[in-house]
Structure formats: C-alpha cells, structure tokens
Amino acid sequence: MLDRRNEELIAESLKKREREREEDVRGAFYRDTTAIIHSSPFRRLKHKTQVFFAPSNDHICTRMEHVLHVASIASTICRPLGLDTELAWAIGMGHDLGHTPFGHVGERIISSISQERGIGAFEHEINSLRVVDFLADNGKGLNLTYAVRDGIVSHNGEALRVRIKPTFEIKDFASIDSRKGLLPATYEGAVVRFSDSIAYLGRDFEDASRLGILKGKQLPEIVSSRLGTTNGEIINSLVNDIIASASKEEGIGFSDRIFEAVEAFGAFNYENIYRSSILNGYTRYFTRLIKLITSYLEEIYSSYGLDRSGYDSERNMLAAGFFNHIRDMHPLYIAREGSDRRMIVDYVAGMTDTFCLDCANEILKPEHLNDEIEMSQTGKWFDALV
C-alpha cells in the first residue's frame with residue numbers, strides 16, 4: 001500500500017478553489033472533469049494535432065483522443081492502488097488544454113516567437129495551467145481545485161523517469177515559469193504523468209506505422225520482448241508494471257527491467273518518428289504559417305488598437321474575430337497582468353490546426369477586394385461585352 005499520511009496533511013488544500021463555491025453531489029474532482037469537458041479549450045482539442053497532421057485520416061490520434069487515453073489509463077492504475085480515480089481522470093482530461101496547434105512542432109514554433117518578443121519560453125504545461133486559471137471562459141478560468149491544477153502543471157510526460165514520489169507540498173503557482181524540476185503534489189498527479197508517457201509511446205508508433213513513416217523498421221528486441229508489439233499489448237504491460245511497482249518507499253514508477261525497455265522505446269520513437277523527414281517538413285511549413293498569422297495580428301493591433309472600424313476595414317473574418325476577442329479580454333489582461341504583451345501569443349496558441357489554415361486564407365486571399373466588381377454587371381460579364 002502507498003503511504004498517504006503526508007498527503008492527509010494537505011487534504012483540505014487539495015480541494016481548495018481560487019473562488020469558493022458550495023460543492024454539489026458530483027464531488028470536487030468529478031465536478032472539475034465536467035467543467036473541463038464543457039469548456040471551449042477542451043472542445044478545440046479534437047482539431048489539434050497529437051503528432052501527425054492528418055485531418056482527413058479518421059484513425060490518426062488527435063489531441064482529444066490522447067487526453068481521453070491518458071485519463072483512462074490513469075484511472076485504471078489508480079483503482080487497484082486505492083487512489084482517487086476521479087482526481088486522476090480530471091487531471092488527465094485537463095492536462096493538455098494549453099497545447100498549441102500542430103502538436104510539439106507548433107509548441108516549439110510558438111516558444112521561439114514568444115522568446116523573440118521577450119516574454120519567455122512557451123511550455124504547454126505552464127500554459128495549460130494558464131488556460132484553466134485565466135484564459136478559459138472569457139477570462140474567468142475554470143476555477144478548478146488545487147489538486148487538479150497541480151497535476152496539470154506538473155504532468156511533463158515527455159521527460160521519462162523511472163519513479164516519482166509526490167512532494168505533498170502546496171506550490172505557489174504564480175511563481176512558476178518553467179516545467180523544469182516540477183513534481184506533482186499527489187500520487188494521482190504522479191500516475192497521470194506516467195500515463196501520459198504510456199499513452200503516447202505505443203500510439204505514436206502505431207500511427208507512424210499506419211502512415212508508412214517507419215518504412216518497415218521494427219521495434220527494438222528489448223521493447224517487443226518486454227512490452228509487446230501492439231499498442232494494446234504495450235499499454236497493458238506498462239499499466240500492470242506501474243501497479244505492481246508502486247510502493248510507499250519509492251512512490252509511483254516502473255520496475256528497472258521495464259524502464260530499460262521504455263527508454264529504448266523512447267529513443268526509437270525520437271530517432272525514427274519525431275526526427276523524421278515528415279515532421280521536419282511540418283516544421284518549415286507551420287513556421288511560415290504561424291509567423292504569418294502572428295505578424296498579421298501584431299500589425300493590425302498596432303495600427304487599430306481597440307478601434308473596431310479599423311478591423312472592419314480589413315474585411316476578413318480573422319480581423320473581425322480578433323477584435324471581438326481583444327474587446328472582451330484586453331481589460332482583463334490589464335487588470336490581471338498589467339500588460340497586453342501575451343495577448344496575441346495566447347490567441348495563436350489557442351487556435352486549432354484547421355482554424356490556423358483558415359486564418360491564412362483570410363489573410364492571403366483578397367476576395368473582399370472583388371466585392372464591388374462582383375456587384376457590377378459590367379464587371380461580372382465583361383467577357384461577353386468585349
């Protein structure tokens with residue numbers, strides 16, 4: 001059994017919200033799950049890339065599927081360990097709400113843009129906390145419990161670890177500006193962190209195989225013999241190992257034998273998937289796309305400020321939608337942060353893949369310039385009148 005005595009010392013703080021509210025029959029953590037499900041950032045995950053941009057392929061994992069996998073795996077691990085499955089489910093559902101369009105490729109691009117503008121590196125874990133605390137629900141945030149927010153900001157599943165023991169400490173979220181060194185306060189948060197890795201390792205391999213990216217390359221023998229060769233086998237092996245290896249002395253983690261295979265699996269995926277030519281191609285294309293959108297928004301914001309007529313004169317839906325956004329959010333940025341410096345980067349980071357592509361069309365296709373011609377019979381039928 002896991003030692004929960006230290007966690008009991010902070011039990012009251014784990015369910016605390018920034019704004020007090022009377023709890024209902026759902027309980028604190030299940031209520032957080034429902035708040036996440038009904039939020040706009042969650043709905044947008046269905047059109048955000050997990051690893052591969054393949055919007056027309058129904059069988060390639062999207063960001064929404066990934067968070068569902070993580071929540072399901074985490075809940076499964078927590079059940080036999082006597083942990084809170086509802087807390088694990090809520091953290092899993094919310095952990096990627098701050099992810100960018102186009103997956104980690106998009107994250108790196110937006111981080112570069114953010115640093116160029118002097119507002120620091122962009123990390124989706126930190127931004128996910130920012131989303132649930134501030135950006136969601138038109139600047140109100142989702143008012144989640146401390147334990148869920150802690151699990152979200154501490155979920156860095158890309159940094160593979162053999163074990164994690166919770167800190168059982170209350171963080172000062174306002175002082176956090178990097179994911180480096182962050183560890184969850186709860187066992188459930190630790191479980192979600194491992195579940196993130198479990199969810200993407202096999203599924204990324206499966207998707208890459210389906211898309212023909214691996215070109216016949218097989219998993220290393222240490223992986224196939226110890227974990228399996230299909231995503232289902234891999235998840236089953238890793239989940240059962242986590243459950244069997246949990247201890248009050250060392251917390252949550254893998255056995256040494258299985259972790260060797262996990263490290264080999266991660267190295268294989270990085271070499272053959274994440275550094276593949278197709279993802280390098282994504283980087284070049286999506287860099288141009290995201291920089292185009294960001295530069296355009298900065299240009300019109302610099303020119304028009306809060307003057308609606310200027311945005312209307314652009315005659316495109318991106319400008320109109322952006323004005324509606326800044327009209328609602330600008331006062332909240334000033335009140336909360338004393339500055340609007342992050343407003344455009346936040347706006348772009350919240351976009352879906354499909355919306356980014358639509359934005360490029362709005363910027364680059366000057367269809368509105370032909371409106372007067374289209375309204376003119378002479379212009380519309382000029383060929384017949386020659």
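This report covers helix H5 and two non-glycine residues with positive phi in a predicted model.

**Helix H5**

Helix H5 runs over residues 63-81, 19 residues in total. At 1.5 Å a residue it should span 27 Å. Its end C-alpha atoms lie 28 Å apart, which agrees.

The buried residues of H5 begin with Arg 63, Met 64, His 66 and Val 67. Val 70, Ala 71, Ile 73, Ala 74 and Ser 75 are buried as well. Ile 77, Cys 78 and Leu 81 complete the list. An α-helix has 3.6 residues a turn, so residues three or four places apart point the same way.

What do the buried residues of H5 pack against? Their partners include helix H4 (40-44), helix H6 (85-94) and helix H7 (103-116). Helix H10 (187-210), helix H12 (231-245) and strand S2 (252-253) are also among them. After H5 comes Gly 82, with a positive phi near 75°.

**Positive phi outside glycine**

Phe 102 and Asp 137 are set out below.

| Residue | Phi | Place | Relative accessible area |
|---|---|---|---|
| Phe 102 | about 65° | loop between H6 and H7 | 2%, buried |
| Asp 137 | near 55° | helix H8 (residues 124-139) | 45%, partly exposed |

Is Phe 102 buried or exposed? Phe 102 is buried, because its relative accessible area of 2% falls under the 20% cut-off. Asp 137 counts as partly exposed, because its 45% relative accessibility lies between the 20% and 50% limits. Phe 102 sits in a loop, whereas Asp 137 lies in a helix.

Notes
Residues numbered from 1 in each chain as written. Predicted model: local features only at pLDDT ≥ 70, side-chain atom pairs only at ≥ 80, totals over all residues. Heavy atoms only, no water. Helix = DSSP H or I, 4+ residues; strand = E, 2+ residues; numbered from the N terminus. Expected span 1.5 Å × (residues − 1). Buried < 20%, exposed > 50% of the residue type's maximum accessible area, 1.4 Å probe, protein only. Contact = heavy atoms within 4.5 Å.
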